[in-house]
Amino acid sequence: MSRRFFVRGPLKAGPLRLVGGEAHHLVRVLRIGVGQSVVLFDGHELEAPADVMDVAPGSVDLTVHEPRKSQTEPAVELVLAAAVPKGDRFAWLIEKATELGVRRFVPLVTERSVVVPGAGKLEKMRRTIIEASKQSRRTRLMDLAEPLEWKEFAARELTAGPACVAHPSGAPFDIAPFRAEVRAVAAVGPEGGFTDAELELATRRSAALVSLGPGILRIETAALALAALITTCR
Ligand code: SAH
């Protein structure tokens, strides 16, 4: 059972009042009471033990001990961009990308995209990111960007570090360019695939078109395969 709770940071030692969903989870769901200890994290890599001092309807008073920087982030800051899969598959992708330590997720709007998430959906996904962080002990929240047109993404983000674009007829994925870099970028297209013009835009920006094997993968499978390869490569 998770005894980790998210507070909007920055965490510091001293008294703290927890309210809203996290307070509800602590008191009503986990039934943690006065005198018990929990761990707080602030989404910016700080975490701290804390003791429950008082419990009231809708709020919990804690004493926070000295925060420390935790070491749960991968060595590489990966920007993962993908067209948005339908239905629950998007939430699943967000949950798993969070667990894998993706730094930033960008929902892509491509020529053949069918799903563009609205504000409500993105807010729900931010809640999913908090839950997945608690579960996986990640202390930095994955940043979820607003949906971005491929052209904008290619101009603004593809050049930020070594970049790869998943494409079934690309070259076999090569980890070498990603090993020593601090930042990396990976992109996955919609179920209908990237158009030739979109692929050309990517190669003009020096992104590598990479294959992930002979099968045609779903968006979320391709995205998580790339994320796992890159975030665990050192
Ligand atoms: N209908 C498309 C496939 C779309 S699959 C086609 O035949 O090209 C959705 C996305 O997942 C693709 O745009 C690509 O980015 C990625 N993808 C799926 N299978 C892949 C594979 N074997 N290698 C690399 N990327 C793949």
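**Two domains and the contacts between them**

Good morning. I begin with a single residue: Glu45 is buried, because its relative accessibility is 9%, and the cut-off for buried is under 20%. Please bear in mind that what we are looking at is a predicted model.

Where does Glu45 lie? Glu45 is found in the loop that runs between β3 (37–41) and β4 (46–56). Its backbone also deserves a remark. In general, most residues other than glycine have a negative phi. Glu45, however, has a positive phi, near 80°, and is not a glycine.

Let me now place this residue in the wider chain. The protein chain is divided into domain 1, covering 4–67, and domain 2, covering 77–231. Taken over C-alpha atoms, the centres of domain 1 and domain 2 are separated by 33 Å. Where they meet, 11 residues of domain 1 are in contact with 11 residues of domain 2. Between them the two domains bury about 950 Å², with 55% of that on carbon and sulfur atoms. Which three residues supply the most of the area that domain 1 buries against domain 2? They are Arg4, Phe41 and Glu45, which together supply 53% of it, more than any other three residues.

I turn next to the polar side of this interface. There are four salt bridges between domain 1 and domain 2. In one salt bridge, Glu22 pairs with Lys134, and their closest N and O atoms are 3.0 Å apart. The count of residue pairs in polar contact between the domains is eight, with both residues at pLDDT 80 or more. On the side of domain 1 that touches domain 2, the elements giving two or more residues are β1 (4–6) and α1 (20–29). Of these, β1 gives the most, with three residues. By class, that side of domain 1 has five charged, three polar and three nonpolar residues.

What does the side chain of Glu45 meet in polar contact? The side chain of Arg140 makes a polar contact with the side chain of Glu45, at 2.8 Å. Arg140 lies in the loop between α3 (119–136) and β9 (143–144). Leaving aside neighbours within four places in sequence, Arg140 is in contact with Gly43, His44, Glu45, Glu73, Arg103 and Ser133.

Finally, the loop between α3 and β9 also holds Arg137. Arg137 has a positive phi of about 65°, although it is not a glycine. Is Arg137 buried or exposed? Arg137 is exposed, because its relative accessible area is 56%, and exposed means over 50%.

Thank you for your attention.

Key. Residues numbered from 1 in each chain as written. Predicted model: local features only at pLDDT ≥ 70, side-chain atom pairs only at ≥ 80, totals over all residues. Heavy atoms only, no water. Domains from an automatic or database assignment. Contact = heavy atoms within 4.5 Å. Buried area = accessible area lost by both parts, 1.4 Å probe. Salt bridge = Lys/Arg side-chain N within 4 Å of Asp/Glu carboxyl O. Polar contact = N/O pair within 3.5 Å; in protein donor to acceptor, adjacent residues only side chain to side chain. Helix = DSSP H or I, 4+ residues; strand = E, 2+ residues; numbered from the N terminus. Nonpolar A, V, L, I, M, F, W, Y, C, P; charged D, E, K, R; others polar. Buried < 20%, exposed > 50% of the residue type's maximum accessible area, 1.4 Å probe, protein only.
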